[in-house]
Amino acid sequence: MFKKGTKLYSILTGSCPKCHEESMFKNKNPYILSEALSMNENCSNCGTKYKIEPSFFYGSMYVSYPVGIAFAAAAFVISFFVFEANINVVFISIIATLILFMPVILRLSRNIWINFFMHYDKSLAKK
């Protein structure tokens with residue numbers, strides 16, 4: 001389920017969607033905010049161009065909404081049902097979760113978006 005050649009591997013690791021050999025992002029740490037969305041232009045292994053067209057990743061905004069909802073729902077379930085917090089604490093935990101995980105949500109949405117359009121090619125792996 002989580003091995004090379006699957007979409008899930010590429011999405012969760014942020015690796016090239018075609019060869020799964022290199023990270024698409026210049027810095028693997030999403031919490032260095034000045035470089036959170038800095039991407040390589042091409043894959044150094046297979047040469048795949050990540051920005052298929054100008055403004056390609058604007059579409060990832062449509063993906064970031066449900067990803068953010070999933071994080072917010074997880075924060076709600078954990079705070080309300082596990083810790084049995086009152087509604088004010090639940091609200092604060094949801095807001096804190098969305099703020100803390102914002103760089104992760106942005107990267108995940110970009111990874112999901114590019115994986116809609118590109119598919120793994122075994123012949124490109126370890127060229």
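Lys4 is partly exposed, at a relative accessible area of 40%, and in this predicted model the residue has a charged partner. That partner is Glu21, with the closest N and O atoms of the salt bridge 3.2 Å apart. Glu21 is likewise in the partly exposed class, with a relative accessible area of 30%. Side chains of opposite charge can pair when their charged atoms come close. Lys4 belongs to the segment before α1 and Glu21 to the loop between α1 (7–13) and α2, so the contact ties together parts that are 17 residues apart in sequence. As for the salt-bridge tally, the structure holds just this: 1.

Stepping back to the overall layout, the protein has 4 helices and 0 strands, which gives the run α-α-α-α from the N terminus on. The C-alpha trace spans about 55 × 30 × 25 Å along its principal axes. Of the 127 residues, 39% are buried. On the confidence side, the average pLDDT is 94, and 98% of the residues score at least 70. Broken down by element, the lowest mean pLDDT goes to α1, at 95, and the highest to helix α3 (residues 87–100), at 98.

Aromatic rings come next. The count of aromatic pairs comes to 9. One of them joins Phe56 and Trp113: the ring centres are 6.3 Å apart and the planes meet at 45°, so the pair counts as tilted. Phe56 sits in the loop between α1 and α2, while Trp113 is part of helix α4 (residues 102–117), so this pair ties together parts that are 57 residues apart in sequence. Both ends are tucked away from the probe: Phe56 is buried at a relative accessible area of 8%, and Trp113 is buried at 17%. A second pair, Phe76 with Phe80, has ring centres 5.3 Å apart and planes at 10°, so here the arrangement is stacked. Phe76 and Phe80 are 4 residues apart in helix α2, which puts about one helical turn between them. Phe76 is partly exposed, with a relative accessible area of 29%, and Phe80 is partly exposed too, at 34%.

The Phe56–Trp113 contact also belongs to a wider group. Ring pairs link Phe56, Phe57, Trp113, Phe116 and Phe117 into a cluster. Trp113, in helix α4, has another long-range relationship: Lys7 is 106 residues away in sequence, yet the C-alpha to C-alpha distance between the two is 11 Å. A further ring contact involves a charge, with the charged end of Arg107 sitting over the ring of Phe25, 4.2 Å from the ring centre.

On the surface, Phe80 turns up again. Together with Val77, Ile78, Phe81, Val82 and Phe83, Phe80 forms a nonpolar patch with about 610 Å² of accessible area in total. Phe81, a member of this patch, lies in helix α2 (residues 60–82). Phe81 is exposed, since its relative accessible area is 53% and the cut-off for that class is over 50%. Phe80, at 34%, falls in the partly exposed class, so the same patch includes residues from both classes.

Last, the backbone has a couple of oddities. Most residues other than glycine have a negative phi. His20 departs from that, with a positive phi near 60°, and so does Ser55, whose phi is about 65° although the residue is not a glycine. His20 is placed in the loop between α1 and α2, and Ser55 is found in the loop between α1 and α2 as well. Their surroundings differ in accessibility: His20 counts as buried at 2% relative accessibility, whereas Ser55, at 46%, counts as partly exposed.

Terms used: Residues numbered from 1 in each chain as written. Predicted model: local features only at pLDDT ≥ 70, side-chain atom pairs only at ≥ 80, totals over all residues. Heavy atoms only, no water. Patch = residues over 30% accessible without salt bridge, like charges linked within 9 Å, V, L, I, M, F, W, Y side chains within 5 Å. Areas by Shrake-Rupley, 256 points an atom, 1.4 Å probe, with all protein chains shown as cover. Salt bridge = Lys/Arg side-chain N within 4 Å of Asp/Glu carboxyl O. Buried < 20%, exposed > 50% of the residue type's maximum accessible area, 1.4 Å probe, protein only. pLDDT = per-residue confidence, 0-100. Phe/Tyr/Trp six-rings, centres within 6.5 Å; stacked < 30°, edge-to-face > 60°. Lys NZ or Arg CZ within 6 Å of the ring centre and 35° of its normal.
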